[in-house]
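Let's take a walk through this fold, starting with the whole chain and ending at a single residue. Keep the 3D view open as you read.

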Amino acid sequence: MVVLLRHGQTDYNVAGRMQGHLDSKLTEDGLAQAVAAAPDIAKAGPERIISSDLSRARDTAAFIGGACGLPVALDPRLRETHLGEWQGRTVIEIEQDYPGSIATWRSDPAWAPPGGESRIDVVRRSRPVVDELDDELTGPSPSTVVLVAHGGLLAGLVCGLLGLPTSTWPSVGGLGNCRWATLARRDDHPRWRLTGYNVGAAG
């Protein structure tokens with residue numbers, strides 16, 4: 001099973017600013033969300049915890065690791081979408097300089113902000129993290145891993161793992177802060193199945 005957990009609330013979330021690769025910080029509420037989510041994630045009995053190296057994910061993952069008694073490995077491939085010239089700006093500010101571009105970005109996974117990545121680009125760089133774990137942990141008993149990352153990346157990664165046509169990706173909504181998605185597979189079927197989405201009390 002794969003548990004895909006979004007980080008807790010950040011100062012940029014509160015201000016309505018695009019984060020991307022900017023290293024925003026958890027708020028007090030974000031820290032409380034991570035504390036609240038940790039026991040529920042621990043119940044899944046993960047064998048590995050891997051986090052984006054951006055501090056909002058890394059700090060969230062530290063609480064999960066503490067509850068699970070596991071170290072947290074960092075992987076920059078789990079960083080949020082690089083938003084190029086949009087990073088640090090609000091939607092209103094972006095619309096002023098790039099009229100109509102937010103709607104285009106939200107509706108077309110192949111479209112990238114100026115100087116940034118598309119959703120397809122993000123899935124292409126993050127999907128190997130899951131594939132490598134899959135190869136490494138293959139065995140007679142099922143394994144559970146937790147990936148702590150970001151809303152845009154995780155929504156795209158869910159779509160990629162499920163093999164959904166890119167035209168349907170905009171139909172998958174984002175995860176709330178410190179909420180998670182779970183994907184699993186049956187022993188007799190190799191495809192990933194979505195077993196939970198936007199799970200958790202926080203966010």
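This is a predicted model. Is the chain's size what a globule would give, or not? For 203 residues, a compact globule would have a radius of gyration near 17 Å, and the chain comes in at 16 Å, so the two agree. Measured out along its principal axes, the C-alpha trace spans about 55 × 40 × 25 Å. Buried residues account for 46% of the 203. Of the contacts between residues at least 6 apart in sequence, 66% join residues at least 24 apart. The chain exposes about 9300 Å², with carbon and sulfur atoms supplying 52% of that area.

Now for the secondary structure. There are 7 helices and 6 strands, and from the N terminus they follow one another as β-α-α-β-α-β-α-α-α-β-α-β-β. The 6 strands form an open sheet with mixed pairing, in the order β3-β2-β4-β1-β5-β6. At its edges sit β3 and β6 (193–199), each pairing on one side only.

Strand β2 has partners on either side in that order, and here is how the two pairings look:

| Pair | Sense | Bridges | Example of facing residues |
|---|---|---|---|
| β2 (48–51) and β4 (145–149) | parallel | 4 bridges | Ser51 and Val148 |
| β2 and β3 (73–74) | parallel | 2 bridges | Ile50 and Ala73 |

To get from β2 to β3, the chain passes through helix α3 (residues 55–68), and this β-α-β crossover is right-handed. Back on the β4 side, Arg48 has Val145 as its bridge partner.

What does α3 pack on? It lies on the sheet, touching β1 (2–6), β2, β3 and β4, and its direction makes about 170° with that of β2. Helix α7 (residues 151–162) lies across β1, β4, β5 (180–184) and β6, running at about 155° to β1. Both helices therefore have β1 and β4 among the strands they meet.

One last stop is a loop residue. Thr90 is placed between β3 and α4 (91–97). Is Thr90 buried or exposed? Its relative accessible area is 15%, and since the cut-off for buried is under 20%, Thr90 counts as buried. Leaving aside residues up to four places away in sequence, Thr90 touches Ala15, Gly16 and Arg17.

Conventions: Residues are numbered from 1 along each chain as its sequence is written. This is a predicted model: local features need pLDDT of at least 70, side-chain atom pairs count only at pLDDT 80 or more; totals for chains, interfaces and linings use all residues. Side-chain values use heavy atoms; hydrogens and water are left out. Two strands pair if DSSP finds at least two bridges between them. A crossover is right-handed if, with the strands pointing away from the viewer, the path from the first strand over the helix to the second runs clockwise. The radius of gyration is taken over C-alpha atoms; the globule rule is 2.2 Å times the number of residues to the power 0.38. Buried means under 20% relative accessible area, exposed over 50%, partly exposed in between (1.4 Å probe, protein chains only). Contact means heavy atoms within 4.5 Å. Accessible areas come from the Shrake-Rupley method with a 1.4 Å probe; for residues, only the protein chains shown count as cover. Axes are lines fitted to C-alpha atoms, for helices over the stretch in contact, and angles run from 0 to 180 degrees between N-to-C directions.
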